[in-house]
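Q: I'm new to this structure and would like a close look at one part of it. Could you walk me through the salt bridges and the places they tie together, and then show me what sits around them?

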Amino acid sequence: MPKAKKEFQKPSLGLALVPILVTLGVLALQLFYYGNFVPHIPLAIGIAVTGVLGIYLGHDWDSIESGLFHVIRISLPAVSVLIVVGMIIGVWIASGTVPTLIYYGLLVLNPQIFLAAAMILCSVVSLSLGTSWGTVGTVGLALMGIGAGFDIPMYWTAGAVVSGAFFGDKISPLSDTTNLAPAVTGTTVFAHIQNMLPTTVPAMLIALVVYLVAGFTLIDGNGGSFEQIEGITTALNDAFWISPWLLLPAALVIGLAVTKNPPIPSLFAGVVAGAIMGMLFQGDSLKGMFAFANSGYSIETGISEIDSLLNRGGIQSMMWTISLILLALGFGGALERVRCLEAVIDQIIARVKGFAGIQTSAILTSAATNVVAGDPYLSIALPGRMYVPIYRGMGYSTLNLARGVEEGGTLVSPLIPWNAGGAFVITTLGLGIFDGNFENLLYIPLAFACWTAPVIGIFYAWTGLFSPKATDEEKAQWDADGEAKIAIA
């Protein structure tokens, strides 16, 4: 006879909070006492504490390890994107694609509308690519160089880039998170995208207005100085062959994405195209392109702002971030397997009544999972699975839940420095926060589109606006599929 599956004991709320609080405590020690923002060891300690708790509750290590690696496995496509983005950054800088984008951007863009234009451009590219990470690592990196040329603080430019890149990702049918949210809540992807527009459009308009106001009130209309811009463009011209032809790799990647090709092959095609351009226009060898793809690009133009942006890229530059992501995912997977997150969510559900409270809790739970587990995928999947029977029991469409977990998951991810999304943004855009440049953490409140959308969603929950109830067809489908329902007051 097959062996019966063992049901492990769920921890009490107090026990469930132990590994979470210990991890946050060690993280605070690392940051505020030692002044070293490297979250790896606190997360590793969190995994160890979770493992000890799991064994105390009756788990064996094989079970805990299985849960840990399960979450890592389902998130490996995102890690693969990170590896390809590292390659594309190194090759596109060496080929002249990124320098060309910076060069023409400095000539064409007006510094006073730059932040608004940066957000819109990143939104369009991310919507086309279906990946916020790919957008940040390509167009976003070039925009950081243009912003430096205009003498705009890094945190303002990064805020605009993050707002656009992650919002485009959120509503792109090619995005993995946009498909994950409806999958775990039992809706369709296009219905999910349509239902997100009532929060997406106002949040983007708010961000657009703020960036325009900031541009005309805080930024010098001369863009720092004409001498500085001329110095940057001259340095780029001296170091690279600048030509519109060098924009072809970017156009190829966007074209492949628009025609609904998968993100990873599309980005890798950009790597190949960039390498060809580098050999044709910059005179680099194939061996050199291999080195740039692996180890990144290095140059001294004499302009510190440009050197800090162009000396980067390559697979190896992403290893710090990848190791952080794997530890964060492992911690989240261990917490899920030991049922710590489930215990916390159950306590929230037991204390919250009515649709407004449940919707607010779903959004905040998703955001909190981002903070604790460091994984945008877990922050969507876990609350989605836990809350969905309650929405059915209340008679509300699960589209509400899909929107809530998407906004608490996808949009909050880049705002948490030790989260997979936040770590990638900080590393790729060269914000230097892990080296002590803590002022650049201001990109978090300045990424207006990312945090205003969940706030608007909570407002809708309490006013009843754009909060659809389940249709008769939805209810019939739930009954036909035998879906679980939990009725609450």
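A: Here is a walk through the salt bridges, followed by the helices, rings and cores around them.

Keep in mind that this is a predicted model. The protein chain has an average pLDDT of 85, and 93% of the residues score at least 70. Among the elements, helix α15 (residues 304–310) has the lowest mean pLDDT, 72, while helix α22 (residues 443–446) has the highest, 96. Go easy on residues 1–5: pLDDT stays under 50 there, and the model gives them zero contacts beyond four places in sequence. Where pLDDT is low, the predicted coordinates should not be read in detail.

Now to the salt bridges. Side chains of opposite charge can pair when their charged atoms come close. The structure holds three such salt bridges.

Let's take K10 and D346, whose closest N and O atoms are 2.4 Å apart. K10 sits in the segment before α1 (13–33) and D346 sits in helix α17, so this pair ties together parts that are 336 residues apart in sequence. K10 is partly exposed, with a relative accessible area of 33%, and D346 is partly exposed too, at 23%.

Next come K170 and E407, which meet in a salt bridge at 2.8 Å, N to O. K170 belongs to helix α8 and E407 to helix α20 (residues 399–409), so to speak two distant parts of the chain, 237 residues apart, linked by the pair. Are these two charged residues buried or exposed? K170 has 0% relative accessibility and counts as buried. E407, at 1%, counts as buried as well.

That leaves E342 and R339, with a salt bridge of 3.0 Å, N to O. E342 is partly exposed, with a relative accessible area of 21%. R339 counts as buried because its relative accessibility is 16%, and the cut-off for buried is under 20%.

R339 is a good place to pick up the helices. It follows α16, and its phi is positive, near 75°. Helix α16 itself covers residues 319–337; at 1.5 Å a residue, its 19 residues should span 27 Å, and the end C-alpha atoms are 26 Å apart, which agrees. Plenty of α16 is tucked away: its buried residues include T321, I322, L324, I325, F331 and L335.

Helix α17 (residues 340–351) gets the same check: its 12 residues should span 16 Å, and its end C-alpha atoms are 17 Å apart, which agrees. Its buried residues are C340, L341, A343, V344, I345 and I349. I345 and I349 turn up again beside Y387, which is also in contact with I348, I358, S361, A362, T365 and L401, leaving aside its neighbours within four places in sequence.

Y387 leads on to the nonpolar cores. The largest one has 131 residues, and Y387 is among those that touch the most other members, along with I102, L115, F166, Y211 and L310. Helix α4 (residues 76–95) supplies the largest share of this core, 12 residues. A second, separate core has five residues, including A367, V412, I416 and W418.

Back to helix α8 (residues 154–170), where T157 lies. T157 counts as buried, with 1% relative accessibility. Beyond its neighbours within four places in sequence, T157 is in contact with F114, L115, L143, M144, G147 and I152.

Helix α7 (residues 132–149) holds V136, which is buried, with a relative accessible area of 0%. What does V136 touch, not counting residues up to four places away in sequence? The answer is L141, V161, A165, F166, F424, T428 and L429. The C-alpha atoms of V136 and V162 are 7.3 Å apart, although 26 residues separate the two along the chain.

F424 brings in the rings. The whole structure has 13 aromatic pairs. One of them joins W133 and F424: the ring centres are 5.0 Å apart and the planes are at 20°, so the pair is stacked. W133 lies in helix α7 and F424 in helix α21 (residues 420–428), so the pair ties together parts that are 291 residues apart in sequence. W133 counts as buried at 9% relative accessibility, and F424 counts as buried at 0%. Elsewhere, ring pairs link W156, Y211, F448 and W451 into a cluster.

Terms used. Residues numbered from 1 in each chain as written. Predicted model: local features only at pLDDT ≥ 70, side-chain atom pairs only at ≥ 80, totals over all residues. Heavy atoms only, no water. Helix = DSSP H or I, 4+ residues; strand = E, 2+ residues; numbered from the N terminus. Expected span 1.5 Å × (residues − 1). Buried < 20%, exposed > 50% of the residue type's maximum accessible area, 1.4 Å probe, protein only. Contact = heavy atoms within 4.5 Å. Core = buried A, V, L, I, M, F, W, Y, C linked by side-chain atoms within 4.5 Å. Phe/Tyr/Trp six-rings, centres within 6.5 Å; stacked < 30°, edge-to-face > 60°. pLDDT = per-residue confidence, 0-100. Salt bridge = Lys/Arg side-chain N within 4 Å of Asp/Glu carboxyl O.
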